[in-house]
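Colleague: I am new to this structure and would like a close look at a single part of it, namely the interior. Please take me through it slowly, and tell me how the surroundings relate to it.

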Amino acid sequence: MKIVLKGIFSIVLLTLAMGIMAQKADDVIKESSEPLSEKYVDDIVQKRLIFENRVLPYEMVRESDIPWQRTIWRIIETREKMNLPFRHPERSLFTIMKENVDKGTLMVFEDDRFTSPMTAEQLNSILYRVDTNVVYDPVTYEETIEISTSEINPEDISRFRVKEMWYFDKEASIMKVRILGISPLKEEFDDETGILKYEIPLFWVYYPEAREFFSKEKVFSDVNDAYPMTWYDLFETRFFSSYIMKASNVLDLRLKDVYSGYENADMDILLESEKIKKELFNIEHDLWSF
């Protein structure tokens, strides 16, 4: 009797196990409880560390602890080898900035003093171009006007202007620098000759406010795909190549304005830029010289 009961119990357990396995097989074949974004990952694992980054607030600096400071404007040329991540076709820096501007999560300004916020109409007139085209109907020969809207191509943004403040922290006894603003520059060419006429800053972004979403955006790396840096890391560690275009002065002149008309103006501008750069690094030493 015991043998019969054990046999029946074994059969019941086997039937239940087979049913559970069949149920699991049906679930796997028919549908998955995992979201597609979790199931189909273009990586070894789903990367979450960057999205969980926390931006450290700036340390408090007292006004009395800054005996010296100077404002510097730089140009980042994205066509240089070190700055190629700025032109990454999938997520360029301008694309990231424009997305946040369109969402309204980032305020933009007309000037580099951050006193005149841009309205939506002003911003749309800069980011989007409206063209009016006359179209002829091949049958009726009637003229119709079509209005098309095109947006700025991120590949056309090849330079960025950066405003930063160099200052000596008396409490820490070291020279420090803090980025204040970033502006994408757009080049304007002559339609007939194709010669560059000028370049204009599209808008200014207040960097201390932009640090939060910069910390959630990866920077493409040629060295290590496992743990790429973020745009926040890039700017904070100053992992970019640039040259000085202007330093604070009485007449508010750029180096280009000072040396315009000189025979070797370009060379003079580069030499003066390097001179200002060396002066910044020597300030800390000079303040401690006796």
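Modeller: A nonpolar core is here a set of buried Ala, Val, Leu, Ile, Met, Phe, Trp, Tyr and Cys residues that are joined through side-chain atoms within 4.5 Å, and buried means a relative accessible area under 20%. Please keep in mind that this is a predicted model, with 290 residues in the chain, of which buried residues make up 31%. The secondary structure comes to eight helices and nine strands, and among contacts between residues at least 6 apart in sequence, 62% join residues at least 24 apart.

The largest nonpolar core has 32 residues, and the members that touch the most other members are Phe-86, Phe-160, Phe-203, Phe-214, Trp-231 and Phe-235. At least two residues of this core are supplied by each of α3 (93-103), α4 (120-127), β5, β6, α5 (207-214) and α6 (231-236), and the largest share, five residues, comes from α3. Another core, of 12 residues, lies apart from this one, and Ile-72, Met-175, Ile-244 and Ile-283 are among its residues.

To see what one of the well-connected members meets, take Phe-203: leaving aside residues up to four places away in sequence, Phe-203 touches Phe-94, Met-97, Val-108, Phe-109, Met-118, Leu-123, Leu-127, Ile-182, Ser-183 and Pro-184.

Strand β6, one of the elements that supply the largest core, is a useful guide to the surroundings. β6 pairs with β7 in the antiparallel sense over five bridges, and within this pairing Lys-186 has Ile-200 of β7 as its bridge partner. The two strands form a hairpin with six residues between them, and in its turn Gly-194 has a positive phi of about 75 degrees. As a general point, the side chains of a regular strand alternate between the two faces of the sheet. Where, then, does β6 take part in charged contacts as well as in the core?

One place is Glu-187, which is found in strand β6 and counts as buried because its relative accessibility is 14%. Not counting residues up to four places away in sequence, Glu-187 touches Arg-79, Ser-158, Arg-159, Leu-196, Tyr-198 and Glu-199. Glu-187 is linked with Glu-77, Arg-79, Arg-159 and Glu-199 in a network of salt bridges. Within that network, the side chains of Glu-199 and Arg-159 meet in a salt bridge, at 2.9 Å from N to O. Glu-199 lies in strand β7 (residues 196-201) and Arg-159 in strand β5, so this pair ties together parts that are 40 residues apart in sequence. The two ends differ in cover: Arg-159 is buried, with a relative accessible area of 14%, whereas Glu-199 counts as partly exposed at 23% relative accessibility.

A second place is Lys-176, whose side chain meets that of Glu-59 in a salt bridge of 2.2 Å, N to O. This pair links distant parts of the chain, since Lys-176 is in strand β6 and Glu-59 is in the loop between α2 (36-39) and β1 (68-77), 117 residues apart. Lys-176 counts as buried at 14% relative accessibility, whereas Glu-59, at 46%, counts as partly exposed. These pairs belong to a wider set, as the structure holds 18 salt bridges. Another of them joins the side chains of Glu-99 and Arg-91 at 2.7 Å, N to O; here Glu-99 is partly exposed at 31% relative accessibility, and Arg-91 is partly exposed at 26%.

Just before β6, Ala-172 is found in the loop between β5 (159-169) and β6 (174-189), and counts as partly exposed because its relative accessibility is 39%. The C-alpha atom of Ala-172 is separated by 8.9 Å from that of Asp-65, a residue 107 places away along the chain.

For contrast with the interior, consider the surface. The accessible surface of the chain comes to about 20,500 Å², and 56% of it belongs to carbon and sulfur atoms. A nonpolar surface patch of about 410 Å² is made by Val-250, Leu-251, Leu-253 and Val-258. Val-258 lies in helix α7 (residues 255-258), and counts as partly exposed because its relative accessibility is 39%.

Terms used. Residues are numbered from 1 along each chain as its sequence is written. This is a predicted model: local features need pLDDT of at least 70, side-chain atom pairs count only at pLDDT 80 or more; totals for chains, interfaces and linings use all residues. Side-chain values use heavy atoms; hydrogens and water are left out. Patches are made of residues with over 30% relative accessible area and no salt bridge: like charges are joined within 9 Å, nonpolar side chains (Val, Leu, Ile, Met, Phe, Trp, Tyr) within 5 Å. Accessible areas come from the Shrake-Rupley method with a 1.4 Å probe; for residues, only the protein chains shown count as cover. A salt bridge is a side-chain nitrogen of Lys or Arg within 4 Å of a carboxyl oxygen of Asp or Glu. Helices (H or I, at least four residues) and strands (E, at least two) are DSSP runs, numbered from the N terminus. Buried means under 20% relative accessible area, exposed over 50%, partly exposed in between (1.4 Å probe, protein chains only). Contact means heavy atoms within 4.5 Å. Two strands pair if DSSP finds at least two bridges between them.
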